Amino acid sequence: MGRQSSNTKLGEKKVVTVRCRGGNIKRRALRINEGNFSWVSEKVSRKSKILEVLFNATHNELVRTQRVVKGCVVSIDPTPFKFYWHINYEEKKINKLPEIKDPKRVQELEEKKASKQKKHPFSDQLDKYHSFFENLNRNRLLARITSRPGQTGRADGYLLEGKELDFYLKKIEKK
């Protein structure tokens, strides 16, 4: 009953619209390569590229074929979150930032940094997030998909931190 599942793959974005009962429309993502990810502890969201699917609790076949579904753990590009941290906080938790070739853009970022930079409110407790910043420096942030790409045509989620990050790192190491 119903339609065949969309089986959203990792790749260049391709979204089709499907008419549903009552004239409603679903946006079905057949392929997707980026999404909007939220850094919950910092209360900030940034658009980022999805690099690969690392873990799926329902079926390992979905990891092997790189299918993006709700609840899967993906690796994302940390560049937008690195720039956020570098501009807003004094703590040197990030080793290397990507190089920007446009001198005008570099100057804009430096001015923004000078006006916004402050000490992190929980700087004494940042050692708890050691594994998070370690992954940030390795250019491999882990995030969990919370939207349904086959229904909404988007892949949105949140960054994994703290105990949840440790849990999924152990699960990924076992494979």
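In what order do the strands of the open sheet of three strands lie, and with what pairing? I looked this up first in the predicted model. The order is β1-β3-β2, and the pairing is mixed. I noted β1 (9-10) and β2 (14-19) as the edge strands, since each pairs on one side only.

I then followed the pairing of β2 with β3. Strand β3 covers residues 25-32 and is joined to β2 by six bridges. The two strands run antiparallel. For a position to check on screen, I took V16, which stands opposite R28 in β3.

Next entry: the nonpolar core. How many residues does the largest nonpolar core have? I found 35. F37, V74, I76 and L159 are the residues with the most contacts inside this core. I also asked which strand gives the most to it. That is β5, residues 44-55, with five residues.

I picked L159 from that group and listed its partners, leaving aside neighbours within four places in sequence. L159 is in contact with F37, S38 and W39, and also with I76 and F81. Its other contacts are F132, L141, L142 and A143. Two of these partners, F37 and I76, I had already written down among the residues with the most contacts inside the core.

S75 came next. I placed S75 in strand β6, which spans residues 73-76. Is S75 buried or exposed? The relative accessibility of S75 is 3%, so I entered this residue as buried; the cut-off for buried is under 20%. Apart from neighbours within four places in sequence, S75 touches K49, I50, L51, E52 and L54. R140, L141 and L142 complete the contact list of S75.

Last entry: helix α2. I found this helix, residues 79-88, mostly covered, with seven of its ten residues buried. The buried ones are F81, K82, F83, Y84, W85, I87 and N88. F81 I had met before, as a contact of L159.

How do α2 and α3 pack? Helix α3 covers residues 103-116, and its axis lies 7 Å from that of α2, at an angle of about 55 degrees. I therefore recorded the two helices as oblique to each other. On the α2 side, the residues that meet α3 are F83, H86, I87 and N88. On the α3 side they are L109, K112, K113 and K116. I sorted the residues of this contact by type and got three nonpolar, two polar and three charged. Of the α2 residues in this contact, F83, I87 and N88 are also on my list of buried residues.

Technical notes
Residues numbered from 1 in each chain as written. Predicted model: local features only at pLDDT ≥ 70, side-chain atom pairs only at ≥ 80, totals over all residues. Heavy atoms only, no water. Buried < 20%, exposed > 50% of the residue type's maximum accessible area, 1.4 Å probe, protein only. Helix = DSSP H or I, 4+ residues; strand = E, 2+ residues; numbered from the N terminus. Core = buried A, V, L, I, M, F, W, Y, C linked by side-chain atoms within 4.5 Å. Contact = heavy atoms within 4.5 Å. Axes fitted to C-alpha atoms, helices over the stretch in contact; angles between N-to-C directions. Parallel < 35°, antiparallel > 145°, perpendicular 65-115°, else oblique. Nonpolar A, V, L, I, M, F, W, Y, C, P; charged D, E, K, R; others polar. Pairing = 2+ DSSP bridges.
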